[in-house]
Amino acid sequence: MEKRYFIHTYGCQMNLHESEKLAGLLENAGYTLASEPESAEVILFVTCCIRENAEQKVYGHIGALKRYKTENPNVVIAVGGCMTQQKGAAEKLKEKFPFVDVIFGTHNLCDFMRLLEEKSGRKKTLIEVTEEDSESENTPMTRSSFPNAWVNVIYGCNNFCTYCIVPYVRGRERSRAIPDVVAEVKKLVESGYKEVTLLGQNVNSYGNDLKGEGGDFADLLDAIGREVRGKYRLRFMSNHPKDLTERLVAAMARNENACHSVHLPLQSGSNEILRRMNRRYTREAYMEKVGMIRKYMPDCAISTDVMVGFPGETDADFEDTMDLMERADFASAFMFVYSRRQGTPADTMPDQIPEEVSRKRIMEMVAAQNARTAAHSAKYTGRTIEILCEDYDDKKQMYLGRDEYGRMGYFSSDKDERGNFVTVKVTETNGISLYCEKV
Ligand code: 5AD
Ligand code: SF4
């Protein structure tokens with residue numbers, strides 16, 4: 001009998017890529033992708049716990065499967081990802097949703113097929129959440145984001161920003177070896193991928209754990225530049241400002257495949273808040289990094305992550321953040337309301353900010369950044385740019401893709417352009433998007 005699987009993925013690119021590995025493992029064992037969850041024999045959740053609303057969403061979607069599972073007792077429901085790796089979370093999940101078959105942690109991905117097998121025929125929920133990692137260089141992958149391909153370069157995080165749950169659920173930093181990463185990138189480009197995105201919680205902290213023996217992120221970019229030729233775009237995310245060195249910016253500038261686009265999470269523009277976040281930089285140091293990027297690549301688009309409502313954030317702190325966002329002139333920004341995460345130091349800090357205050361601040365911030373983003377877009381009018389076509393938008397009946405700087409452009413074409421580099425002229429802009437004509 002044909003066996004089918006379906007994966008629900010929540011959260012960041014790292015999770016999307018983990019789902020590609022789980023899909024690879026399942027397909028290796030003869031499973032095929034189901035067109036919808038209701039026709040699958042294995043339903044998987046790859047979860048996120050970075051903010052409370054991410055967790056609520058996952059809970060809602062798992063809960064909605066109860067009836068389906070009662071009517072189809074042979075269907076296997078498995079939950080993995082960041083949520084399950086939190087202390088006590090697996091037990092809580094099992095109690096709340098006893099119909100879930102397998103719960104596995106972030107370090108147990110490579111054991112997934114064994115867990116499926118062990119579970120078969122057993123009634124009780126099977127839990128496997130360990131601290132040791134099962135990560136392997138030989139995990140099969142079924143990639144799902146052509147023409148882009150994700151490539152892990154470093155796992156985990158050592159920073160313990162006081163608001164963040166990631167170091168608790170992803171463990172300490174572990175870098176892959178440069179030759180392994182280069183070989184993967186090379187294979188991808190040779191097989192037709194047009195964009196490679198190097199992934200890490202702090203991708204530019206690459207090599208810190210190798211103690212100088214394996215090279216740093218600048219060395220990795222140079223090695224890729226030397227050994228992987230051809231037309232493709234190289235991106236990487238996310239960066240920690242403390243490890244954004246001049247060496248790295250120079251390596252980026254001399255690598256002709258590296259996009260002039262840097263995602264550099266700011267989090268806050270207030271020195272006092274940055275200190276209490278344990279971010280290890282000041283607003284002045286952050287602006288120096290921005291200046292350094294623009295010195296080497298004047299056209300570079302800088303984007304960021306930023307939050308409001310960290311414990312103790314005063315109006316003056318918030319204004320400092322607004323001021324820095326203006327000075328840095330971010331091309332775009334992901335803006336969040338601080339969310340308390342159990343087990344993190346910030347959760348027990350005094351002066352948690354009332355929701356109304358945070359809501360007012362985030363609205364003000366989003367409005368200011370939207371205007372800035374739109375102004376960046378408006379400058380594109382009349383320019384000729386190159387878009388890497390990713391997809392077709394059925395509603396708009398247009399193809400879409402991004403330029404080197406990450407800005408989304410739409411255009412019409414009478415042939416299938418997915419996976420092509422297309423030269424277009426920008427005729428109109430709308431907020432974050434560009435509307436273009438093929439030239
Ligand atoms: N609350 C709100 N936002 C958070 N982030 C990380 N932890 C939290 C939290 N507890 C944001 C940061 C990070 C991005 C991935 O998510 O801005 O850069
Ligand atoms: Fe979280 Fe800070 Fe690590 Fe980023 S650097 S994953 S925000 S602890």
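## Cavities

By the grid rule used here, this predicted model holds two cavities of 30 Å³ or more, a cavity being a set of points, on a 1 Å grid over the protein atoms alone, where a 1.4 Å probe fits but cannot get out. The largest cavity contains about 60 Å³ of space, where a volume is the space filled by probe spheres set on the points, and grid points are joined across faces, edges and corners. Its lining, meaning residues with an atom within 4 Å of a point, consists of Glu 18, Thr 106, His 107, Asp 133, Glu 135, Tyr 155, Gly 156, Arg 170, Arg 174 and Gln 201. By class, one of these lining residues is nonpolar, four are polar and five are charged, with Ala, Val, Leu, Ile, Met, Phe, Trp, Tyr, Cys and Pro counted as nonpolar, Asp, Glu, Lys and Arg as charged, and the others, Gly among them, as polar.

The second largest cavity has a volume of about 40 Å³, and Glu 18 and Thr 106 appear in its lining as well as in that of the largest cavity. The other residues lining the second largest cavity are Leu 22, Val 46, Gly 80, Gly 81, Phe 104, Gly 105 and Leu 109. At least two lining residues come from each of helix H1 (13-28) and strand S4 (76-81), where helices (H or I, at least four residues) and strands (E, at least two) are DSSP runs numbered from the N terminus. This lining divides into four nonpolar, four polar and one charged residues.

## The second largest pocket

A pocket is an open set of grid points with protein on both sides within 12 Å along at least five of seven lines, and the second largest one has a volume of about 560 Å³. Of the 24 residues that line this pocket, Gln 86, Lys 87, Gly 88, Ala 89 and Gln 342 are the closest to its centre. Two or more lining residues are given by each of helices H2 (52-63), H4 (82-85), H5 (89-96) and H7 (166-170), and H5 gives the most, with five. The whole lining comprises 10 nonpolar, seven polar and seven charged residues.

## Surroundings of ligand 2

Ligand 2 is surrounded by Cys 157, Asn 159, Phe 160, Cys 161, Tyr 163, Cys 164, Val 166, Pro 167, Gln 201, Asn 202, His 240 and Arg 279, a residue being included if one of its heavy atoms lies within 4 Å. Seven residues of this shell are nonpolar, four are polar and one is charged. Gln 201 of this shell also belongs to the lining of the largest cavity.

## Backbone features in loops

The peptide bond from Phe 146 to Pro 147 is cis, with omega near 5°, and Pro 147 is found in the loop between strand S6 (126-128) and strand S7 (148-152). A cis peptide bond also runs from Met 237 to Ser 238, with omega near 0°, and Ser 238 is in the loop between strand S11 (233-237) and helix H10 (246-254). Asn 278, a residue other than glycine, has a positive phi near 60° and is found in the loop between helix H11 (271-277) and helix H12 (283-296).

## Basis of the values

Residues are numbered from 1 along each chain as its sequence is written, while chains are lettered from A and ligands numbered from 1 in the order in which they are written. For this predicted model, local features need pLDDT of at least 70 and side-chain atom pairs count only at pLDDT 80 or more, whereas totals for chains, interfaces and linings use all residues, and side-chain values use heavy atoms, with hydrogens and water left out.
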